[in-house]
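Visitor: I am new to this structure and would be grateful for a close look at a single part of it. Please begin from one residue and then place that residue in its wider setting.

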Amino acid sequence: MNKTTSFDSYLRKQMEDPDFRKEYEALSPEYDIIKQIIKARAEQGITQKELAERIGIRQSNISRLESGNYNPSLDFLKKVASGLGKELYVEFK
């Protein structure tokens, strides 16, 4: 069993707890943004350091963002999007 399968199995079990599910779903938008940033960076084959250099910040800022330990402003997310050659869109559903 690989790490992804182990995590998926663990997550399914945890999602059975209503309190856990509620908190997990509340954080979904943040994790969706993080996943999109990591995916775009991986598709371009660039490191956190290279992305940071593109937008004029320290690599540690990208690391904190990707680990979920940073609550970015919209301005920061626009810079990251630009550094990835993307545009940032925000919508309410």
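In which helix does arginine 41 lie?

Guide: Arginine 41 lies in helix H3. Please bear in mind throughout that the model is a predicted one. Helix H3 covers residues 28–44, and arginine 41 is one of the residues in that helix.

Let us consider first how far this residue is covered. The relative accessible area of arginine 41 is 13%. Buried means under 20% relative accessible area, and arginine 41 is therefore classed as buried. Of the 93 residues of the protein, 23% count as buried, and arginine 41 is one of the buried residues.

The surroundings of arginine 41 come next. Once neighbours within four places in sequence are left aside, arginine 41 is in contact with Ile46, Thr47, Gln48, Leu51, Glu66 and Leu84.

One of these partners, threonine 47, merits a description of its own. Threonine 47 sits in the loop between H3 and helix H4, the latter covering residues 48–55. With a relative accessible area of 39%, threonine 47 is partly exposed, whereas arginine 41, with which it is in contact, is buried. Partly exposed is the class between under 20% and over 50%, so the value of 39% places threonine 47 there. Threonine 47 can also be related to glutamine 59, twelve residues away along the chain: their C-alpha atoms are separated by 9.0 Å.

The helix that holds arginine 41 has a further role in this description, for it borders a pocket. The largest pocket has a volume of about 870 Å³. It is lined by 29 residues, and those closest to its centre are Pro29, Asp32, Ile33, Leu77 and Leu88. Two elements give two or more residues to this lining, namely helix H3 and helix H6, which covers residues 74–83. The largest share of the lining, eleven residues, comes from H3.

Aspartate 32 links the pocket to the helix from which we began. This residue is found in helix H3, and it is among the residues closest to the pocket centre. Its relative accessible area is 34%, so aspartate 32 is partly exposed. From aspartate 32 to serine 82 there are 50 residues in sequence, and 18 Å in space from C-alpha to C-alpha.

Beyond helix H6, the segment that follows it includes lysine 93. Lysine 93 has a relative accessible area of 92% and is exposed. Its C-alpha atom is separated by 32 Å from that of arginine 54, and the two residues are 39 apart along the chain.

Towards the other end of the sequence, tyrosine 10 is placed in helix H1, residues 3–14. This tyrosine is partly exposed, at a relative accessible area of 48%. Tyrosine 10 and leucine 88 are 78 residues apart in sequence, with 32 Å between their C-alpha atoms. Leucine 88 has already been named among the residues closest to the centre of the largest pocket.

The whole protein may now be set around these parts. Its secondary structure comes to six helices and zero strands, and the pattern along the sequence is α-α-α-α-α-α. The C-alpha trace spans about 45 × 35 × 20 Å along its principal axes. Of the contacts between residues at least 6 apart in sequence, 41% join residues at least 24 apart.

The accessible surface of the protein is about 7,300 Å², and carbon and sulfur atoms account for 51% of it. As for charge, there are 16 positive and 15 negative side chains, with the centres of the two sets 4 Å apart.

To return to the residue in question, arginine 41 is a buried residue of helix H3.

Notes. Residues are numbered from 1 along each chain as its sequence is written. This is a predicted model: local features need pLDDT of at least 70, side-chain atom pairs count only at pLDDT 80 or more; totals for chains, interfaces and linings use all residues. Side-chain values use heavy atoms; hydrogens and water are left out. Helices (H or I, at least four residues) and strands (E, at least two) are DSSP runs, numbered from the N terminus. Buried means under 20% relative accessible area, exposed over 50%, partly exposed in between (1.4 Å probe, protein chains only). Contact means heavy atoms within 4.5 Å. Accessible areas come from the Shrake-Rupley method with a 1.4 Å probe; for residues, only the protein chains shown count as cover. Lys and Arg count as positive and Asp and Glu as negative; His and the chain ends are not counted. The place of a charge is taken as NZ of Lys, CZ of Arg, CG of Asp or CD of Glu. On a 1 Å grid over the protein atoms alone, a cavity is a set of points where a 1.4 Å probe fits but cannot get out, and a pocket is an open set with protein on both sides within 12 Å along at least five of seven lines; lining residues have an atom within 4 Å of a point. Grid points are joined across faces, edges and corners, and a volume is the space filled by probe spheres set on the points.
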